[in-house]
Amino acid sequence: GGIGDAGPEGPLPEVAREVTVSREAAAANACDAWQGAVAWQPEGPMGDHEAAYAARVEGLQADARYCFVLAASNVMGTGRWSRPSSPLMTPLAAPPAPVNAVATVLTDEKHRLVATISWDSGRGSTGPAISAFHVMLVPVPQATGAVGAASSSCCAAEQVLRERVPVPEGRPQGRRFTWASPLAAPGSYVVEVVAESPTGQRSPAVSLCFEVRPEAFPVADPARPPTPQWAEESVLVLGPAASTE
């Protein structure tokens, strides 16, 4: 027979989760939405020996189809299992957060100080797909008083870098991702990396903090001629005076 005909000793195929709940708790869950169960009402009036019960089942997989079967139990044992319920589809899950994130600061061939961020996707072979990563580089303002803090916060907001890094199709599994950006000034920085699924769901952010001291910036090339600048004070020019008649 089918699942509904299986006795207490008949194992159910592909049982993912099994929950045992007392009669009192199941009755409370049926009428109390704060317990995590949606209040349910039968389609028709219940008889004298009928009651509404509910249970919460956790640990289900995302993007999966489930059917549920029920059986009553008392001191004499467990009764027959019910027929399977209608299939239920669980929602899609957000992708996992990136892992193994590392920040390095080096000088490139153009004598710029560049911050390079590398990370792994954190997605297993069966995890949700990832279509892109969002990287944000935020300079941390150095507060020097009420006015200075407001000015620094405004300048820092203008210097925040945001970039979406698409994941190309056919990318080899396990290959690290890399993002780089030149730094404009010394100071402290915070980097956040977020994974995005094809449906637009985003993972929790992974954050990195690093500090760049002023001496880390490359000095000017001594072989390069200095850039001419206009003098701030008036300059006296000596020469032949213009002839006047």
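Here are three exercises with worked solutions on this predicted model.

**Exercise 1: the turn around Asp108**

Find where Asp108 sits, decide whether Asp108 is buried or exposed, and list the backbone nitrogens that lie close to polar atoms of its side chain.

*Solution.*

1. Start with the place in the fold: Asp108 belongs to the loop that connects strand 5 (99-107) with strand 6 (113-120).
2. Next, look at how these strands are arranged. Strand 5 and strand 6 run antiparallel and are joined by seven bridges; one of the bridge partners is easy to check, as Val99 is matched with Asp120 in strand 6.
3. Together the two strands make a hairpin, with five residues between them. Within the turn, His111 has a positive phi of about 60°.
4. Now turn to accessibility. The relative accessibility of Asp108 is 17%, and the cut-off for buried is under 20%, so Asp108 counts as buried.
5. Finally, follow the side chain of Asp108. A polar atom of this side chain lies 3.2 Å from the backbone nitrogen of Lys110. For the backbone nitrogen of Arg112, the distance to a polar atom of the Asp108 side chain is 2.7 Å.

**Exercise 2: cysteines**

How many disulfides does a search of the whole structure find, and are Cys67 and Cys209 buried or exposed?

*Solution.*

1. Recall the chemistry: a disulfide covalently bonds the sulfur atoms of two cysteines.
2. Searching the whole structure gives zero disulfides.
3. Cys67 has a relative accessible area of 46%, so Cys67 is partly exposed.
4. For Cys209 the value is 65%; the cut-off for exposed is over 50%, so Cys209 is exposed.

**Exercise 3: aromatic pairs**

Count the aromatic pairs, then describe the geometry of Trp119 with Phe133 and of Tyr189 with Phe210.

*Solution.*

1. The count is four aromatic pairs.
2. Take Trp119 and Phe133: their rings are 5.4 Å apart centre to centre, with 70° between the planes, an edge-to-face pair.
3. Trp119 is in strand 6 and Phe133 in strand 7 (residues 132-140), so this pair ties together parts 14 residues apart in sequence. Both Trp119 and Phe133 are buried.
4. Tyr189 and Phe210 are stacked, at 5.5 Å centre to centre and 15° between the planes.
5. Since Tyr189 lies in strand 10 (residues 187-196) and Phe210 in strand 11 (residues 206-212), the pair ties together parts that are 21 residues apart in sequence. Tyr189 and Phe210 are both buried.
6. To finish, look for a cluster: ring pairs link Trp119, Phe133 and Phe177.

Key:
Residues numbered from 1 in each chain as written. Predicted model: local features only at pLDDT ≥ 70, side-chain atom pairs only at ≥ 80, totals over all residues. Heavy atoms only, no water. Helix = DSSP H or I, 4+ residues; strand = E, 2+ residues; numbered from the N terminus. Buried < 20%, exposed > 50% of the residue type's maximum accessible area, 1.4 Å probe, protein only. Polar contact = N/O pair within 3.5 Å; in protein donor to acceptor, adjacent residues only side chain to side chain. Pairing = 2+ DSSP bridges. Disulfide = S-S within 2.5 Å. Phe/Tyr/Trp six-rings, centres within 6.5 Å; stacked < 30°, edge-to-face > 60°.
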